[in-house]
Amino acid sequence: MVESRCGILCSACPYQDQMGCKGCLKITKPFWGDSCPVKSCCEERTHEHCGRCEDFPCSLLKQFAYDEEQGDNGKRIEQCKKWMGK
Ligand code: SF4
Ligand code: SF4
């Protein structure tokens with residue numbers, strides 16, 4: 001059910017087809033850069049997703065979620081909460 005570390009729903013992401021991305025949990029490196037700081041942080045802390053983190057939602061996650069161009073106005077944070085049953 002969990003599709004990413006940050007709360008993005010990879011199954012609904014157009015880049016899966018456009019960029020041949022296999023989705024957050026299956027990739028080691030995103031197509032858009034050398035590494036994703038959110039994915040790296042979450043995996044280093046061995047959390048399934050950010051919603052399980054004691055610092056959730058941290059400033060890094062919020063920065064990604066509310067980025068004017070690449071963000072989703074907090075949708076991924078809400079998704080993490082849903083994965084936690086909240
Ligand atoms: S932004 Fe990072 S954590 Fe979120 S889906 Fe993409 S690679 Fe994964
Ligand atoms: S909420 Fe922030 S600190 Fe916690 S795992 Fe995610 S990126 Fe890392």
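How many nonpolar, polar and charged residues are there in the shell around ligand 2? Keep that question in mind while the whole chain is loaded, and remember throughout that this is a predicted model.

**The whole chain**

Start with a cartoon of the protein chain, which shows four helices and zero strands, so that from the N terminus on the elements read α-α-α-α. The radius of gyration is 12 Å, close to the 12 Å that the globule rule gives for 86 residues, and the chain is therefore as compact as a globular protein of that length. If you switch to the C-alpha trace, its span along the principal axes is about 35 × 25 × 25 Å. Colouring by burial would mark 22% of the 86 residues as buried, and among the contacts with a separation of 6 or more, 42% are between residues 24 or more positions apart.

**Ligand 2**

Now select ligand 2 together with the 13 residues that surround it, of which C41, C42, C50, C53 and C58 are the closest. Two elements, α2 (37-44) and α3 (59-65), each give two or more residues to this shell, and α2 has the largest share with three residues. Here the opening question can be settled, since the shell around ligand 2 holds ten nonpolar residues, one polar residue and two charged residues.

**Ligand 1**

Move next to ligand 1, and display the residues around it, namely S4, R5, C6, I8, C24, P30, C36, V38 and K39. By class this shell divides into six nonpolar, one polar and two charged residues. One member of the shell around ligand 1 is P30, which sits in the loop between α1 (15-18) and α2. P30 is partly exposed, as 15 other C-beta atoms lie within 10 Å. A distance drawn from the C-alpha atom of P30 to that of M19, eleven residues away along the chain, comes to 10.0 Å.

**The nonpolar core**

Keep C6, I8, C24 and V38 selected, because they recur in the largest nonpolar core, and add C42, C50, L61, F64, A65, I77 and C80 to complete its eleven residues. The elements that give two or more residues to this core are α2, α3 and α4 (75-83), with α3 providing the largest share, three residues. In soluble globular proteins, nonpolar side chains tend to be buried together.

Which residues does C6 touch, once its neighbours within four places in sequence are left aside? Centre the view on C6 and you will find V38, C50, L61, F64 and R76 in contact with C6.

**Two sides of α4**

Select α4 and look down its axis, with R76, I77, Q79 and C80 highlighted as its buried residues. From this viewpoint the buried residues of α4 fall within an arc of 155°, and so they line one face of the helix. An α-helix has 3.6 residues a turn, so residues three or four places apart point the same way. What covers the buried residues of α4 includes α3, whereas the face of α4 turned away from its buried side carries the exposed residues K75 and K82. Just after the helix, stop at G85, which follows α4 and has a positive phi, near 75°.

**Backbone details in the loops**

Finish with the loops, beginning with the one between α2 and α3, where P57 is found. The peptide bond that joins F56 and P57 is cis, with omega about -10°. T46 also lies in the loop between α2 and α3, and T46 has a positive phi of about 55° although it is not a glycine. Is T46 buried or exposed? T46 counts as exposed, because there are 7 C-beta neighbours inside 10 Å, where 12 or fewer is the limit for that class.

The last selection is N73, in the loop between α3 and α4. N73 is another residue other than glycine with a positive phi, here near 55°, and N73 is exposed, with 11 other C-beta atoms within 10 Å.

How values were computed:
Residues are numbered from 1 along each chain as its sequence is written. Chains are lettered from A and ligands numbered from 1 in the order in which they are written. This is a predicted model: local features need pLDDT of at least 70, side-chain atom pairs count only at pLDDT 80 or more; totals for chains, interfaces and linings use all residues. A residue is near a molecule or strand if its C-beta atom, placed from the backbone, lies within 6 Å of it. Ala, Val, Leu, Ile, Met, Phe, Trp, Tyr, Cys and Pro count as nonpolar, Asp, Glu, Lys and Arg as charged, and the others, Gly among them, as polar. A nonpolar core is a set of buried Ala, Val, Leu, Ile, Met, Phe, Trp, Tyr and Cys residues joined through C-beta atoms within 7 Å. A residue is buried if 20 or more other C-beta atoms lie within 10 Å of its own, exposed if 12 or fewer, and partly exposed in between; C-beta atoms are placed from the backbone. Two residues are in contact if their C-beta atoms, placed from the backbone, lie within 7 Å. The arc is that of the directions from the helix axis to the C-beta atoms. The radius of gyration is taken over C-alpha atoms; the globule rule is 2.2 Å times the number of residues to the power 0.38.
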